[in-house]
Amino acid sequence: MLKKELRQLYKTRRAQIPESERLKMDDLLLIQFQALAFNHVKNLLSFWPLASQKEINTHILVDYLFFRIPDLQVCFPVLDADNSSFKAMAVDGDTDFKLNAYGIAEPVNGTEMPAEELDLVFLPLLCFDTRGYRVGYGKGYYDKFLPGCRPDLIKAGLCYFDAEPLIEDIDEFDVPLNLCITPNMIYEF
């Protein structure tokens with residue numbers, strides 16, 4: 001299927017998951033996540049989950065990593081909509097957040113983290129395929145950001161659904177995942 005078709009299909013599928021089921025799926029995804037070894041990770045770029053899009057609760061994954069890696073530095077993107085780009089902003093317990101034009105919480109007073117210093121990135125997605133390519137929301141923010149990162153960066157997708165066989169319209173700008181974590185399994189690419 002094409003990205004446009006998959007985007008619509010998976011937005012609909014995700015919207016139809018009852019809240020109680022979504023909470024269970026988040027817990028199962030956390031259990032899968034706990035099977036991975038991220039001891040070398042010092043700098044993480046996460047994303048703030050949008051309740052309106054019924055996105056995966058990344059906060060429970062970040063909390064788990066903080067428990068395992070007390071000196072973990074967490075970052076969140078701050079979008080520049082004019083350039084369809086973003087900066088990774090490091091945050092701490094005193095960081096304030098505000099909603100941007102898309103309704104995404106962004107740090108107000110964070111410090112920019114150079115892309116090449118990131119070790120792990122959680123990528124928002126609607127679905128992915130068996131080769132590690134993903135369908136996001138269609139703006140290309142992450143595909144523009146990721147080439148500026150180190151080659152050994154771990155690009156981790158988080159998805160409620162299993163892999164699609166093939167996303168047909170992948171192009172040269174699409175950056176594949178290294179792994180995708182679902183409630184049922186971990187895909188490695």
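About 40 Å³ of space lies in the largest cavity of this predicted model. A search of the whole structure turns up 2 cavities of 30 Å³ or more. So who sits around that largest one? Its walls come from Arg14, Phe47, Glu55, Ile56, Pro124, Leu125, Tyr137 and Leu158. By type, that makes 6 nonpolar residues, 2 charged and no polar ones.

The second largest cavity has a volume of about 30 Å³. Its lining includes Arg14, Ile56, Leu125 and Leu158, residues that also line the largest cavity. The rest of the second lining is Leu126, Cys159, Tyr160 and Phe161. Here the split is 7 nonpolar, 1 charged and no polar.

Now for the open space. The largest pocket has a volume of about 710 Å³. It is lined by 28 residues, and those closest to its centre are Tyr137, Gly138, Lys139, Gly140 and Tyr141. Two or more lining residues come from each of α1 (3-15), β2 (73-80), β9 (134-135) and α4 (141-145), with α4 giving the largest share, 4 residues. The pocket lining divides into 15 nonpolar, 9 charged and 4 polar residues.

On to the charges. The structure holds 6 salt bridges. One of them pairs lysine 3 with aspartate 174, with the closest N and O atoms 2.7 Å apart. That pair reaches a long way along the chain: lysine 3 is in helix α1, while aspartate 174 is in the loop between β10 (154-158) and β11 (179-181), 171 residues apart. Are these two partners buried or exposed? Lysine 3 has 13% relative accessibility, so it counts as buried, and aspartate 174 is buried too, at 12%.

Another salt bridge joins arginine 150 and aspartate 119, whose closest N and O atoms are 2.8 Å apart. Arginine 150 lies in the loop between α4 and β10 and aspartate 119 in the loop between β6 (111-113) and β7 (120-123), so the bridge ties together parts 31 residues apart in sequence. Arginine 150 is partly exposed at 26%, whereas aspartate 119 is buried at 9%.

Arginine 131 bridges to aspartate 129 at 3.1 Å between the closest N and O atoms. Aspartate 129 is buried, with a relative accessible area of 0%, while arginine 131 is partly exposed at 39%. Shared partners also join Asp119, Arg150 and Asp152 into one salt-bridge network.

Finally, look at glutamate 106, in strand β5 (residues 105-107). This residue is buried but has no salt bridge: lysine 98, the nearest side chain of opposite charge, is 5.7 Å away, and the cut-off is 4 Å. Beyond its neighbours within four places in sequence, glutamate 106 is in contact with Pro77, Val78, Leu79, Asp96, Phe97, Lys98 and Asn100.

Terms used: Residues are numbered from 1 along each chain as its sequence is written. This is a predicted model: local features need pLDDT of at least 70, side-chain atom pairs count only at pLDDT 80 or more; totals for chains, interfaces and linings use all residues. Side-chain values use heavy atoms; hydrogens and water are left out. Buried means under 20% relative accessible area, exposed over 50%, partly exposed in between (1.4 Å probe, protein chains only). Lys and Arg count as positive and Asp and Glu as negative; His and the chain ends are not counted. Contact means heavy atoms within 4.5 Å. On a 1 Å grid over the protein atoms alone, a cavity is a set of points where a 1.4 Å probe fits but cannot get out, and a pocket is an open set with protein on both sides within 12 Å along at least five of seven lines; lining residues have an atom within 4 Å of a point. Grid points are joined across faces, edges and corners, and a volume is the space filled by probe spheres set on the points. Ala, Val, Leu, Ile, Met, Phe, Trp, Tyr, Cys and Pro count as nonpolar, Asp, Glu, Lys and Arg as charged, and the others, Gly among them, as polar.
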